[in-house]
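Hi everyone, thanks for making time for this. Please have the sequence and the 3D view open, and I'll walk you through a few places worth a look.

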Amino acid sequence: MSNSPGSAEGGRERRARDAILAAETGTQHHYDALRAELIDHLSPVIVIQNDDQGGLYTLIHNGEQESLHPVSEVFELAKSIAHIPLGIYSIIAPYLGRRLPDLPSSARLDQHDVDMVAFKGPEEKGWIGPLRDFGTTLTTARQQLGNADLPQRLEASSAQILDGAIDFIHRSVRRGQFDMESFENFTGPLSDAIRTNVWHASRVQIEGVENLMGRWRETIGEEDWPDLYVVVLSIWTTSALNQNSIIVRQLMDPAKADSHLIDLPTAQLPADPVFVALDNLARIVQDNIAAELVFPVDHDLADALKGPEDLLAQEILHQLACPYRSAIAARKAARVAP
């Protein structure tokens, strides 16, 4: 008998499968409805969106919200200067040569990555105008640096970075060429200066976050502080050992930091970070309870449902590790099934 879609048997099969799939549609509908309602009951929660100002912090507590940037502007200023070599690289990278010279960094470069980044090549000169314009921006910053009221060490390291960058730009534009060697000759001596800027940015970020968390701890109260959830949103490139997560973790209840500090990498920073954070947190909280109620005797499956692990992950790993054994086990199970 034919099971083709147009046959009678095929039609019965399709209806049967659709009836089964309707159960999943219903599950998802009710799951989403629970999550949407739960969002309004999440408290206390701190949402942190990483940004150029050191992080936008939002406290959600008893139906009220407070949002602010707790980090001094010194954070932005120090990073602004430290990022200058990266800004220059971003202009010239497409025009690099693809042949790797004998340089300290060459062994660590992936040739295929270089081939993709250097997609224009050194024959084209479209970099000259943008690099000259960036040089004008940096010259103005260098002229104004002394008026910015920066700490002395930070001003000195920033001057070194600016001077090196301006010199590299002038020489490259004048010659109408650059290469990996000339760029590394510019950036190599700046490591200590960049580290100084990083130190100052880190110092004011720690101070700002600690002061804010101390104030919010008083608002939440010592009794409720251990129940605090913190959701940190960041793009993938800063999601591992994220600076805000590191600082906040040591201010949370140690017994709950592992489960209540949630790093949430995003493809792009969301327009509404609070909603994105709470929407994901609602899923996490409701899964924490569902896991124990749905899998009361299978703790492995409960832990998979509660955490970032996919429910199928361990079984897939098991079958990929030994597909023959998994197939035998499946046949044995089928033979003994009632």
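**A walk from the sheet to the surface**

Let's start with a hairpin: strand 1 and strand 2 form it, with six residues between them, and G54 in the turn has a positive phi of about 100°. Before I go on, please keep in mind that this is a predicted model.

The two arms of that hairpin, strand 1 and strand 2 (residues 56–61), pair in the antiparallel sense, with five bridges between them. If you want a residue pair to find on screen, take V45, whose bridge partner in strand 2 is I60.

Now stay with strand 1, residues 45–49, and turn to its other neighbour, strand 4. Here the pairing is parallel, and it also runs over five bridges. You can pick out two pairs along this edge. V47 has V231 as its bridge partner in strand 4, and I48 stands opposite V232 of that strand.

So which way do the side chains of strand 1 point? V45, V47 and Q49 point one way, while I46 and I48 point the other way. And are these residues buried or exposed? They are all buried, on both sides. With five of its five residues buried, strand 1 is therefore largely enclosed by the rest of the structure. For anyone who wants the cut-off behind that word, buried means under 20% relative accessible area.

Let's move over to strand 4, residues 229–235. Six of its seven residues are buried, so strand 4 too is largely enclosed by the rest of the structure. We have already seen strand 4 pairing with strand 1. Strand 4 is also joined by six bridges to strand 5 (residues 261–266), and those two run parallel. Look at V231 again: it stands opposite I262 in strand 5, and in strand 1 we met V47 as a bridge partner of V231.

That's the sheet part; now for the charged pairs. How many salt bridges does a search of the whole structure find? The count is 12, and I'd like to show you a few of them.

One is between E66 and R215, where the closest N and O atoms are 2.9 Å apart. This pair links distant parts of the chain, with E66 in strand 3 (residues 64–68) and R215 in helix 8 (residues 191–220), 149 residues apart. E66 has 28% relative accessibility, so we call it partly exposed. R215 is partly exposed as well, because its relative accessible area is 37%.

Another one joins the side chains of R217 and E222, at 3.0 Å from N to O. R217 is partly exposed at 30% relative accessibility, whereas E222 is exposed, with a relative accessible area of 54%.

A third example brings together the side chains of D258 and R249, at 2.8 Å from N to O. D258 counts as exposed at 65% relative accessibility, while R249, at 35%, counts as partly exposed.

And if you like networks, find D32, R35 and D279, which are linked to one another through salt bridges.

Next, a residue I'd like you to click on: D253. Where is D253 found? It is in the loop between helix 9 (243–249) and helix 10 (257–260). D253 has a relative accessible area of 23%, so it is partly exposed. Leaving out residues up to four places away in sequence, D253 touches W225 and P226. The side chain of D253 also reaches the backbone nitrogen of A255, at 3.0 Å. For a sense of scale, the C-alpha atoms of D253 and S72 are separated by 26 Å, and these two residues are 181 residues apart along the chain.

My last stop is a nonpolar one. Which residues form a nonpolar patch on the surface? They are L86, Y89 and V117, and together they have about 240 Å² of accessible area. V117 sits in helix 4, which covers residues 111–117. At 32% relative accessibility, V117 counts as partly exposed.

To recap in one breath: strand 4 pairs with strand 1 and with strand 5, strand 4 is largely enclosed by the rest of the structure, and the search finds 12 salt bridges. Thanks for listening, and I'm happy to go back to any of these spots on the screen.

Technical notes. Residues numbered from 1 in each chain as written. Predicted model: local features only at pLDDT ≥ 70, side-chain atom pairs only at ≥ 80, totals over all residues. Heavy atoms only, no water. Buried < 20%, exposed > 50% of the residue type's maximum accessible area, 1.4 Å probe, protein only. Helix = DSSP H or I, 4+ residues; strand = E, 2+ residues; numbered from the N terminus. Pairing = 2+ DSSP bridges. Patch = residues over 30% accessible without salt bridge, like charges linked within 9 Å, V, L, I, M, F, W, Y side chains within 5 Å. Areas by Shrake-Rupley, 256 points an atom, 1.4 Å probe, with all protein chains shown as cover. Salt bridge = Lys/Arg side-chain N within 4 Å of Asp/Glu carboxyl O. Contact = heavy atoms within 4.5 Å. Polar contact = N/O pair within 3.5 Å; in protein donor to acceptor, adjacent residues only side chain to side chain.
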